[in-house]
Amino acid sequence: LTDAYNSLLETKEQLEVRVAGQLRTVFTLYQAAKAIEKLGPGEVLIGISDLVKAVMQPTKYSLYLLNGSVLEAVTNDGWEDDDKYQRVFDSNTAIFREVVGGQRFLSAVNSDEERLLEGQGILAGPLTSQDSGEVVGMRKIEKMGFLDLHVSSLENFRVLSDWVGTAFANARRFRKAQGNMFMNEERTL
C-alpha cells in the first residue's frame with residue numbers, strides 16, 4: 001500500500017510539473033505572438049525571434065527575405081564564426097527553387113530533401129502570406145535538439161512559417177499603403 005501511494009504521489013507531482021510547464025509555454029507563446037502582430041515590417045522582424053524560440057526551441061536558425069531573385073539573411077540566431085551557412089541564396093540554388101519556386105517545406109529527415117538542403121540546415125520552408133499566397137522569404141533551422149525534431153515539430157514549423165509570412169506581408173502592405181496616403185504622419189501632412 002505504501003509503495004502504491006508513493007508511486008501515485010510521484011506521478012501526481014510529474015503531472016503538476018508538466019501542466020505548469022505547459023502553462024508557461026502557452027503564456028510565452030502568447031507574448032511572442034503579440035510581438036509579431038505589429039504594423040511595421042521592422043517590428044515584425046524583431047518579434048519573430050521570441051516566437052521561433054517559444055515554438056521550436058532551435059539552437060541555430062535564420063530568416064531570409066526575398067529581394068528580387070535572391071533570398072538574403074536578415075536574422076541568424078546562434079550562428080558561430082566557423083559556421084558555413086550561406087547568407088544569400090540565388091535563384092540557381094536548389095533551396096531557392098524548392099522553397100520559393102515550389103513553395104515546398106524541406107526536412108533533413110527525408111533523404112531526398114536532405115540532399116536539396118545541401119548541409120544548410122535541418123528544416124527550411126517558405127514564409128508565405130496566407131492572404132495573398134505571396135512568398136516573402138524563407139525560414140530555416142540549422143540546428144535543434146534531437147528530441148525536438150518530431151512529427152508535430154514539422155507541423156509547427158509549417159504553421160509558424162505561414163503565420164510569420166502573413167504578419168510580415170501585412171506589415172509591408174500597411175507600410176506601402178501608409179506611404180501612398182495624402183495624410184501621412186511621417187510627412188507631417
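In this predicted model, F157 is buried, its relative accessible area being 2%, and this residue offers a convenient point from which to walk through the interior.

F157 belongs to one of the aromatic pairs, whose count comes to 3. Its partner is F105: the two ring centres lie 6.0 Å apart and the ring planes meet at 80°, and because planes over 60 degrees apart count as edge-to-face, the pair formed by F105 and F157 is classed in that way. F105 sits in the loop between α3 (94–101) and β4 (106–107), whereas F157 is part of helix α5 (residues 151–180), so the pair ties together parts that are 52 residues apart in sequence. F105 also counts as buried, with a relative accessibility of 17%, a value to be read against the cut-off of under 20%.

From the aromatic pair one can turn to the nonpolar cores. In soluble globular proteins, nonpolar side chains tend to be buried together. Here the largest nonpolar core has 19 residues, and F157 is among those with the most contacts inside it, along with M56, L123, I141, M144, L160 and V164. Two or more residues of this core come from each of α2 (41–56), β1 (58–67), β5 (123–128), β6 (135–144) and α5, with α5 giving the largest share, 5 residues.

M56 shows how these parts meet: once its neighbours within four places in sequence are set aside, M56 is in contact with L123, I141, M144, F157 and L160, and also with R139, S153 and N156. Separate from this core is a second one of 16 residues, which includes W79, L106, L116 and M138.

Technical notes. Residues are numbered from 1 along each chain as its sequence is written. This is a predicted model: local features need pLDDT of at least 70, side-chain atom pairs count only at pLDDT 80 or more; totals for chains, interfaces and linings use all residues. Side-chain values use heavy atoms; hydrogens and water are left out. Rings of Phe, Tyr and Trp (its six-membered ring) pair if their centres lie within 6.5 Å; planes under 30 degrees apart count as stacked, over 60 as edge-to-face and the rest as tilted. Helices (H or I, at least four residues) and strands (E, at least two) are DSSP runs, numbered from the N terminus. Buried means under 20% relative accessible area, exposed over 50%, partly exposed in between (1.4 Å probe, protein chains only). A nonpolar core is a set of buried Ala, Val, Leu, Ile, Met, Phe, Trp, Tyr and Cys residues joined through side-chain atoms within 4.5 Å. Contact means heavy atoms within 4.5 Å.
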